[in-house]
Amino acid sequence: MKEFSYSLPESLRADPEIFASVEKELKRQEEGLELIASENYVSAAVMAAQGSVLTNKYAEGYPGKRYYGGCVYVDQAETLAIDRLRKLFRCDDSSPHPYAANVQPHSGAQANMAVFMTVLKPGDTILGMDLSHGGHLTHGSPVNFSGKIFQAHHYTVDRETERLDYELVREKALTLRPKLLIAGASAYPRAIDFERLGKIAQEAGTLLMVDMAHIAGLVAAGLHASPIPHAHFVTSTTHKTLRGPRGGVILSRPEFAKQINSAVFPGMQGGPLMHVIAAKAVSFGEALKPEFVTYQKRVLENAKALAETLTSGGLRIVSGGTENHIVLLDVGTAGLTGKEVEAALDQVHITVNKNTIPFETRSPFVTSGIRLGTPAVSSRGLGTKEMAQIGNWIVKVCEVLKTQTTEAKTLPPNIVEALRKEVQSLCARFPIYRS
Ligand SMILES: Cc1ncc(COP(=O)(O)O)c(C=O)c1O
C-alpha cells in the first residue's frame, strides 16, 4: 500500500542512540508478527503529522477560544479532526443524532476520566464490566483511580456462554442505581448490544458511557453496531482498530459538550498535543475512505480464520468464537499458563499478551489466557490463508510446551530456530513499510 511507505528520517541520526533504538524497533516490527489486539501500524502520513512542527505550539483552550496567540493554523487542524470524527461516526450536524466531539484527551484513560469528572463526584456509584471478564482498568478496577475515587461495582459474562450477561447488568443497574453505567471492553471477543444497554440505562435512570476503544474501527466501518444514539458519552482510543496515533477522543450528547470540554481543559489536562491532534485528523480522513471498510472486513475475516484454526487444533476459545478483532484463547485447559505461552511465542517472534479469562483462577501475572488480535497483521496485508498458518504455529507451540516436563515450560532451541525462520519468511513476504 502506497500510504505505508516509510523510511527512518535521516535527521534522527543527530541522536545516534535514539536512532539505534528506533531502527531496531522498526526491524522488530518488520520481522515479527504482531497479534496484540490493541496495536496497529499507522500510515506514513499519520507519522509525518505527529512528527511535524505542530509539536512546537501551545494552544490551551479550544479552536477560536485559546489562551495563546498564533493558533490560527492549529485551530484549522483541530477543527478538521473534530469535523472528520463526527462524520466518521455518523453524528455530525446532518445526522439524526448529532454529538459533540473533543479530540484533546491524551489517551483513552484520560477520555474516560473526563467523562467521570463531568458527571460524577467522589463516592458516586459506577457499574462497569469486571476487568478479569474483559473490562478495562478505568472501568472501576481497585488499582485505578476509577476504583479508588468511586464506589465501583461490576458485571460479568455468563458462566456457560461466556457472553455478556445482560440480565445481570439490568439487575445490578436496577439495584445499585449507579450514576454511570460503563460499557465496552479490552478483551471481549463478542459484539456488544448497545441498544439493549441503552434501554437498561434508561430503565435504571442512569447515564451510559460506552468506551469503544477496541472496536472503534469496526464501528466506523459499519461492521459493529454503533453506540450512537444509545449512549450519553462515547469514548475511544485512536490507536487500536481505528489505526491512528496514540490518543483519546470523546463524543457526547450536545447537552454535555461544554462540561466535557471544561473537564478535559482546564479540568485535567494542560496544553493539547496539537501534533497528535493533526495526526488524529489524518487518520480519521483515512478511515473515511472506502478502503478502510475493506480493511476492517479483513480484520474480521482474519479473526474468524484464526479462531477456526485454533479450535480445529484442539485449543479452547473463550465463548467458542469471535465477532470482532479479538480471539481469546484459553490455554489453561491445555495445562498451560498465559505467561508460558506468551514467552514461548515471543521467542519465535509472534507477539501476544497473556490475559485473564472469565472466572480466572490464576493471577494477572500468570493467567490462563492469551489475547490475540488481527488489526496489525491485517494492516500488513495478511489474509485468511496466512491466519491459518499462524494458527497452526500457535497450536504447535502449545503442543510442544505441553510435552515439557520442567516446571516453567519453554520451547527447545531447535523448535525456536525452525519456527523463527518460518515466521521471518512470512513477514518478509508482507513488509509493513516500503521505503
Ligand atoms: C477499552 C479501553 N479503554 C481505555 C483504554 C486506555 O487507553 P490508553 O492506554 O490510551 O490510556 C484501553 C487500552 O487498552 C482500552 O482497551
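**Aromatic pairs, a four-stranded sheet and internal spaces**

In this predicted model, Tyr 68 is partly exposed, with a relative accessible area of 35%. Tyr 58 falls into that class too, at 45%, because partly exposed covers the range between the 20% limit for buried and the 50% limit for exposed. These two tyrosines make a handy way into the aromatic contacts. With ring centres required to lie within 6.5 Å, the count comes to seven aromatic pairs. One of them joins Tyr 58 and Tyr 68, whose ring centres are 5.1 Å apart and whose planes meet at 10 degrees, so this pair is stacked. Tyr 58 sits in the loop between helix 2 and strand 2, while Tyr 68 belongs to the loop between strand 3 (65–66) and helix 3, so the contact ties together parts that are 10 residues apart in sequence.

Phe 116 and Phe 150 pair up edge-to-face, with 5.8 Å from centre to centre and 75 degrees between the planes. This pair links distant parts of the chain, 34 residues apart: Phe 116 comes from helix 4 (residues 108–119), and Phe 150 from the loop between helix 5 (145–149) and strand 6 (151–155). Both phenylalanines, Phe 116 and Phe 150, are buried. Add Phe 145, and the three residues form one aromatic cluster. Why give both a distance and an angle for such contacts? A pair of aromatic rings is described by how far apart the centres are and by the angle of the planes.

Rings also take part in contacts with charged side chains. Arg 159 places its charged end over the ring of Phe 359, at 4.0 Å from the ring centre. Tyr 295 has Arg 243 lying over its face, with 4.0 Å to the ring centre.

Turning to the strands, four of them build an open sheet with antiparallel pairing, in the order 11-12-15-14. Strand 11 (316–317) and strand 14 (353–355) are the edge strands, each pairing on one side only. Strand 15 (residues 369–373) runs antiparallel to strand 14, and three bridges hold the two in register as a pair. Across this pairing, Asn 353 stands opposite Arg 371 of strand 15. Strand 15 is also antiparallel to strand 12 (residues 326–330), to which five bridges join it. Here Leu 329 faces Ile 370 of strand 15 as its opposite number.

How enclosed is strand 15, and what covers its two faces? Five of its five residues are buried, so strand 15 is largely enclosed by the rest of the structure. In a regular strand, side chains alternate between the two faces of the sheet. In strand 15, Gly 369, Arg 371 and Gly 373 lie on one side and Ile 370 and Leu 372 on the other; with all of these buried, both faces are covered.

That leaves the empty spaces. The largest pocket has a volume of about 690 Å³. Its lining counts 22 residues, and Gln 29, Val 42, Met 47, Gln 50 and Tyr 433 are the closest to the centre. Helix 1 (16–31) and helix 2 (44–50) are the elements that give two or more residues to this lining. The largest share comes from helix 1, with five residues. Sorted by class, the lining of the largest pocket holds 10 nonpolar, seven polar and five charged residues.

The second largest pocket has a volume of about 320 Å³. Sixteen residues line this one, and Tyr 62, Lys 65, Lys 258, Asn 261 and Ser 262 lie nearest its centre. At least two lining residues each come from strand 2 (61–62), helix 3 (72–88), strand 4 (100–102) and helix 9 (257–268). Helix 9 gives the most, six residues. Nine residues of the lining of the second largest pocket are nonpolar, four are polar and three are charged.

As for closed spaces, searching the whole structure turns up one cavity of 30 Å³ or more. The largest cavity has a volume of about 70 Å³. Among the 13 residues lining the largest cavity, Gly 184, Ala 185, Ile 192, His 214 and Ile 215 are the closest to its centre. Seven nonpolar, four polar and two charged residues make up the lining of the largest cavity.

Note on methods. Residues numbered from 1 in each chain as written. Predicted model: local features only at pLDDT ≥ 70, side-chain atom pairs only at ≥ 80, totals over all residues. Heavy atoms only, no water. 1 Å grid on protein atoms, 1.4 Å probe; cavity = no way out; pocket = protein on both sides within 12 Å on 5 of 7 lines; lining within 4 Å. Points joined across faces, edges and corners; volume = space filled by probe spheres on them. Helix = DSSP H or I, 4+ residues; strand = E, 2+ residues; numbered from the N terminus. Nonpolar A, V, L, I, M, F, W, Y, C, P; charged D, E, K, R; others polar. Phe/Tyr/Trp six-rings, centres within 6.5 Å; stacked < 30°, edge-to-face > 60°. Buried < 20%, exposed > 50% of the residue type's maximum accessible area, 1.4 Å probe, protein only. Lys NZ or Arg CZ within 6 Å of the ring centre and 35° of its normal. Pairing = 2+ DSSP bridges.
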